[in-house]
Amino acid sequence: MIVLDAGTTWSKIIEKSSSFMKDYSSFMLKEENGCKYYVLPSQKLNDINFKFDKATGHMSRNLLNDKNNYENEVIALIKGFQSKITDDNSIILDMGSRDSKWAMFKNGNFKDLDWNTSCSSSTGATVEMLLKFYNVKPENLEFNNEKYIITCGIFGLEKIMDDISKGTTPKIAISKFIHGIAYNAWAFAKKPEKLYLSGGFCENKCFLHSLNKYCEAVPLGRFLLCEGLLV
C-alpha cells in the first residue's frame, strides 16, 4: 500500500509494506510502525514510474492505479484526524502551500467546514518564497509580538519590503508576517480556544508560537491527510 497527498509545492507519501520508493530514500523523513514517510517536491512526481493505491490533493488522479480511489482533501483530513484524536468538541485546520481548510466537530459528530483556496495571505508558499529570497532559515525565525494586519498576501509583501527598506531585518519582518498569518488562521477557524493543526506549518516554531498567543495549538504533523487515506 502506498498513498499520496499531492500538494502544489510539496507532496507527502506513506509507504506501507512495499518498496516502490526505494529510489527516493533521500526524501524519507522517518520509518514508524512498518510505514515509511516521505516529503518531496511535487515536481518530482513527474519522474515516478509507478501508480499509487490511494491519493488526494492537486493533480493526483492521474497518478492512481484506480481513479476511483481518489479522495477529497477534506474527507482525507477528517478521516486522518478522527483516527488520531478522540476530542468530542474540536476543530482541525490544515494549512498547505496554497490553501487552508478546517473541519469542526461537536459531541463527536461532524458539524461544519470551510475551505479557502484563493488568498495567499494564509498559505505557506508565500513564506517559502520570502525565506528563499531573503536567505533566512525558518529555524532562525523568532516570535514577534507585533504582526502585520494581512488582508492580502500581496499587501503583506509590500509591508515587508517597506519595513526592510527602513532598516528592519528580514528575519524580524518575516516573523511579523508569520504572526499575521497565524492570527488570520485562528480567525478563519472561528477563533477557537483549542486548535489542532495539520500541514507544513506544524514544523514552523515561529508560527506555532504566534498561534499559541490566541489559542492552544496542537500540531499533528504533515501526514494527516495521508493517514486518512490509510483508514
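**Two open sheets and the unpaired cysteines**

Let me start with one pair of residues: Trp102 stands opposite Asp114 in strand S8, where strands are DSSP runs of E of at least two residues, helices are runs of H or I of at least four, and both are numbered from the N terminus. What we have here is a predicted model, in which local features need pLDDT of at least 70 and side-chain atom pairs count only at pLDDT 80 or more, while totals for chains, interfaces and linings use all residues. Residues are numbered from 1 along each chain as its sequence is written, and side-chain values use heavy atoms, with hydrogens and water left out.

Trp102 and Asp114 bring us to strand S7 (residues 100-106) and S8, which pair in the antiparallel sense over seven bridges; two strands count as paired if DSSP finds at least two bridges between them. They belong to an open sheet of five strands, in the order S8-S7-S6-S9-S10 and with mixed pairing. At its edges are strand S8 (109-116) and strand S10 (216-219), each of which pairs on one side only, and the twist from one strand to the next averages 20°.

Two helices lie across this sheet. Helix H1 (residues 73-84) lies across strand S6 (90-95), S7, S8 and strand S9 (194-199), and runs at about 50° to S7; helix H4 (residues 170-188) lies across S6, S7 and S8, at about 135° to S6. The axes behind these angles are lines fitted to C-alpha atoms, for helices over the stretch in contact, with angles from 0 to 180 degrees between N-to-C directions, and contact means heavy atoms within 4.5 Å.

Now to the other sheet, which is also open, with mixed pairing of five strands in the order S3-S4-S2-S1-S5. Strand S3 (28-32) and strand S5 (54-57) stand at its edges with a single partner strand each, so one side of each has no neighbour in the sheet. Within it, S1 (residues 2-6) and S2 (residues 10-16) run antiparallel and are joined by five bridges, and Asp5 in turn stands opposite Lys12 in S2.

Finally, the cysteines: how many disulfides are there? The count is zero, a disulfide being a pair of cysteine sulfur atoms within 2.5 Å. For Cys206, the closest cysteine sulfur is that of Cys202, and at 15 Å it is too far for a bond. Cys215 is in no disulfide either, with the sulfur of Cys202, again the nearest, 12 Å away. Cys206 is buried at a relative accessible area of 1%, and Cys215 is buried at 7%, where buried means under 20% relative accessible area, exposed over 50%, and partly exposed in between, with a 1.4 Å probe and protein chains only.
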